[in-house]
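Me: I would like to learn how to read this structure. Please give me the general idea each time, then the case at hand.

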Amino acid sequence: PAARSRNNASGLKIHALLSARAHSVKTIEITGERIHDSKMIQIGREVKNVLIIFDLGYFSLKIFSKIDHYRGFFVSRLKTNAKPKVVSVVSGKVSKKLKESIKAEKYPTISDFLRLVPQKGMYDLVCLFEVEKGQERRNKPSIEQKFRVVCFWNQKTLTWHSYITNLSAESLTPDEIYQLYKYRWIIELLF
């Protein structure tokens, strides 16, 4: 993380792309501490059939949308200030009232949804995200996209841990998504 200190003369960040398949670092770049992490990612055709596991500092709905467009895959923690709407519950127990609300297209935000369900277990959801805000003056509508969100109740911290991905429920279970994201910590230990 960046130092963001006025007392230090300078700070830097190391951005690395690690290939789990090749067990090697593919790219490495050093930047100043004030360069946002998400600005260091270039997404194109090379991500087709590639899975990218993101640190929360790289969270960007536009980047996730590009990866999906180029038929790549991603997993990231969901930012706590994200406000996607829950449009479908793939698995997890919900009240009849909440089910009916979603069915009637009265979609709760994910934070409202998680306040309304029991604080235990796991939820596999489909959520609608605003990837790009609309601009009324330019008559440009918002761009929205659906992504899968997997939420786990952490009994130790008494908080929800939520992950966003475009991997289908058929390809990986919620627990496999959770385990996959834990793998990212192994990468952190390399540095």
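Reply: Start with the salt bridge: a side-chain nitrogen of Lys or Arg within 4 Å of a carboxyl oxygen of Asp or Glu. Here Lys140 and Glu132 meet in one, at 2.7 Å from N to O.

Me: What kind of model is this, and how are residues numbered?

Reply: This is a predicted model, where local features need pLDDT of at least 70 and side-chain atom pairs count only at pLDDT 80 or more, while totals for chains, interfaces and linings use all residues. Residues are numbered from 1 along each chain as its sequence is written, and side-chain values use heavy atoms, with hydrogens and water left out.

Me: How many helices and strands does the protein have?

Reply: Both are DSSP runs, numbered from the N terminus: helices are H or I with at least four residues, strands are E with at least two. This protein has 4 helices and 8 strands. Along the sequence the pattern reads β-β-β-α-β-β-α-α-β-β-β-α.

Me: Back to salt bridges. How many does the structure hold?

Reply: The structure holds 4. One of them joins Arg115 to Asp112, with the closest N and O atoms 2.4 Å apart. Both residues lie in helix 3 (residues 110-116), 3 residues apart, about one turn of the helix. Another links Glu130 and Lys133, where the closest N and O atoms are 3.5 Å apart.

Me: Are the partners Arg115 and Lys133 buried or exposed?

Reply: Use relative accessible area: buried means under 20%, exposed over 50%, and partly exposed in between (1.4 Å probe, protein chains only). Arg115 is exposed at 60%, and Asp112 is partly exposed at 31%. Lys133 is exposed at 62%, while Glu130 is partly exposed at 37%. In the bridge we began with, Lys140 is partly exposed at 35%, and Glu132 is partly exposed at 23%.

Me: What share of the whole protein counts as buried?

Reply: Of its 191 residues, 34% count as buried.

Me: Now the inside. Which residues have the most contacts within the largest nonpolar core?

Reply: A nonpolar core is a set of buried Ala, Val, Leu, Ile, Met, Phe, Trp, Tyr and Cys residues joined through side-chain atoms within 4.5 Å. The largest one here has 32 residues, and Ile110, Phe113 and Ile164 have the most contacts inside it. Several elements give two or more residues to this core, among them helix 1 (61-69), helix 2 (96-103) and strand 8 (159-165). Strand 6 gives the most, with 5 residues. Another core lies apart from this one; it has 7 residues, including Val150 and Tyr163.

Me: What does Ile164 touch?

Reply: Contact means heavy atoms within 4.5 Å. Leaving out residues up to four places away in sequence, Ile164 touches Phe59, Phe64, Phe74 and Phe147, among others. Look at Ser65 too. Ser65 lies in helix 1 and is buried, at 17% relative accessibility. By the same kind of list, leaving out residues up to four places away, Ser65 touches Val131, Gln145 and Phe147.

Me: How are aromatic pairs described?

Reply: A pair of aromatic rings is described by the distance of the centres and the angle of the planes. Rings of Phe, Tyr and Trp (its six-membered ring) pair if their centres lie within 6.5 Å; planes under 30 degrees apart count as stacked, over 60 as edge-to-face and the rest as tilted. By this rule there are 12 aromatic pairs. Phe74 and Phe147 are edge-to-face, 5.3 Å centre to centre with 80° between the planes. Phe74 lies in strand 4 (residues 73-77) and Phe147 in strand 7, so this pair ties together parts 73 residues apart in sequence. Phe74 is buried at 0%, and Phe147 is buried at 2%.

Me: Which other pair can I look at?

Reply: Try Phe152 and Tyr178: a tilted pair, 5.0 Å centre to centre, with 45° between the planes. Phe152 lies in strand 7 and Tyr178 in helix 4 (residues 174-189), so this pair ties together parts 26 residues apart in sequence. Phe152 is buried at 14%, whereas Tyr178 is partly exposed at 25%.

Me: Which residues form an aromatic cluster?

Reply: Phe54, Phe59, Phe64, Phe74, Phe129 and Phe147 form one.
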